[in-house]
Amino acid sequence: MNTPPSPSGAEHTDRSSIRLGALVPLTRPGWVEAGRHLLAGLDLAVREVNDAGGVDGRPLELVVRDTAADPERAAAAVDELAHLGVAAVVGEYHSVVARAAAARADALGVPFLCSSAVLDALTEEPTEWVARLAPAQSHGWRIYADFLLRAGRRRIAVATQPSVYWASGTRILRDHLAPRGGTVLELDATLTPEALCDALVDHGATALLLLVGHPEPAVPIVRAVRRDRRLAEILVGAPAGQPEFAEWAAALGEDGAGIPFLRYLPERLGPLGERVGKKLRERLGEAPSFVAFEGWDTVNVLAAVLRSHGTDRAAVAESWPRVAVEGTRGPIRFSRTPGISVWQWTWTPVQVVDRDPAEPDRFRILHAG
């Protein structure tokens, strides 16, 4: 397994360190930019904990493994990290990958604090070993569906690819919109962009949601729709958050603006969020995404757990319902939520935002839930 160097220090420099395994997509076909932001948040928090004296005098050590958006690779990484003696596993951005990691962590009895993945069914059965910071997909995507209804968009088309995650998103949208007068039409993303545009016209769609990968096929679909005069009034949306990252704007320019997506940030950050955000910006050389804040919050939670409950894996897992930590985006507590199989923060702030067409580097808040 290709393993990048551990950014918070060499892996064997201190035998007394407390190891945390980190799962991050750092190579294609993983979403590399999301992985870079996630790792920046994780690593910054580890460094801050260590600069403040560590956990009971012991430094945290981040042992990073690249998942490359591969579920089997992630499961193998959990095996390896468990063998290395990590106190817990953290991270992951891709939902299908996080699901594989969660299943393996549950089977091995290793605590897993999932940073970013949102799939409701992160494990098949309820588990005590897994907790999650990101909101469940059903929560965020219902808020997105409410935004569509408020915007007067009821004939929704989704360009989608085969995936448990995209299928789950389509089902959530359909179940929420149908009782409120909305319809959801599924279009196969393997259609040529031109054929997809024809289908949108034929069905009178008022919105097209991109339930597809980035940059392919999302970028060519957006370009085709933007250039089709018949679709000048259609809303193009991306609930999964593709436009959050700078590479979206770099690839699409003006065409990438005005595409609403889900973002897990409050309207205004508090003092902690402002401080962490400033440091993240310095590290990344650009504005931090919500994914970077998720990374920082993950380590912040685990550091508090390790201080109060020690490094025994069972003790860490048993602590989830007793967590009460101030995060960058609000107070973090975990609870059991109907339909969710893991300990869940209910809820991080949720926004629907887009890039301002007049200033694509600026985000506009369109709806909050």
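This talk walks through two sheets, the helices around them, and a few single residues.

First, the ground rules. This is a predicted model, where local features need pLDDT of at least 70, side-chain atom pairs count only at pLDDT 80 or more, and totals for chains, interfaces and linings use all residues. Residues are numbered from 1 along each chain as its sequence is written, and side-chain values use heavy atoms, with hydrogens and water left out.

Some vocabulary. Helices (H or I, at least four residues) and strands (E, at least two) are DSSP runs, numbered from the N terminus. Two strands pair if DSSP finds at least two bridges between them.

Let's start with the seven-stranded sheet. Its order is S2-S1-S3-S4-S5-S14-S13. The sheet is open, and the pairing is mixed. At the edges sit S2 and strand S13, residues 334-335, each pairing on one side only.

Look at the S2 end. Strand S1 covers residues 18-24, and strand S2 covers residues 60-66. They are parallel, with seven bridges. One pair to find on screen: Ala-22 has Val-64 in S2 as its bridge partner.

How many residues of S1 are buried? Seven of its seven. Buried here means under 20% relative accessible area; exposed means over 50%, and partly exposed is in between, with a 1.4 Å probe and protein chains only. In a regular strand the side chains alternate between the two faces of the sheet. In S1, Ile-18, Leu-20, Ala-22 and Val-24 point one way. Arg-19, Gly-21 and Leu-23 point the other way. Both sets are buried.

Now the S13 end. S13 and strand S14, residues 343-345, are antiparallel, with two bridges. Phe-334 is partnered by Trp-345 in S14.

Next, helices. Contact means heavy atoms within 4.5 Å. Axes are lines fitted to C-alpha atoms, for helices over the stretch in contact, and angles run from 0 to 180 degrees between N-to-C directions.

Helix H3 lies across S1, strand S4 (112-114) and strand S5 (130-132). Its direction is at about 160° to S4. H3, residues 95-108, also packs with helix H2, residues 71-83. The angle is about 35°, and the axes are 8 Å apart. The crossing is right-handed. A crossing is right-handed if the near helix is turned clockwise from the far one by less than a right angle, and left-handed if anticlockwise. Among the residues in contact are Ala-74 and Val-78 of H2, and Ala-100 and Ala-101 of H3. The contact residues divide into eleven nonpolar, no polar and two charged. For those classes, Ala, Val, Leu, Ile, Met, Phe, Trp, Tyr, Cys and Pro count as nonpolar, Asp, Glu, Lys and Arg as charged, and the others, Gly among them, as polar.

A second helix pair: H1, residues 32-51, and H10, residues 290-309. Their angle is about 35°, with axes 7 Å apart. This crossing is right-handed. The contact includes Leu-38 and Gly-41 from H1, and Gly-295 and Trp-296 from H10. Here the split is twelve nonpolar, four polar and two charged.

On to the four-stranded sheet. It is open, in the order S7-S6-S8-S9, with parallel pairing. Strand S7 (183-188) and strand S9 (235-237) are the edges. Neighbouring strands are turned by 25° against each other on average, direction ignored. Strand S8, residues 207-211, joins S9 through three bridges. Leu-209 is partnered by Gly-237 in S9. Helix H5, residues 164-177, packs on this sheet and touches strand S6 (155-160), S7 and S8. It makes about 155° with S7. Helix H7, residues 218-227, lies across S6, S8 and S9, at about 165° to S8.

Now two residues of helix H4. Arg-150 lies in H4, which spans residues 137-150. Is Arg-150 buried or exposed? Exposed, because its relative accessible area is 67%. His-139 is also in H4. At 19%, His-139 counts as buried. Beyond its neighbours within four places in sequence, His-139 contacts Trp-347 and Val-350.

Last, cysteines. How many disulfides does a search of the whole structure find? Zero. A disulfide is a pair of cysteine sulfur atoms within 2.5 Å. Cys-114 is buried, at 0%. Cys-197 is buried too, at 2%.
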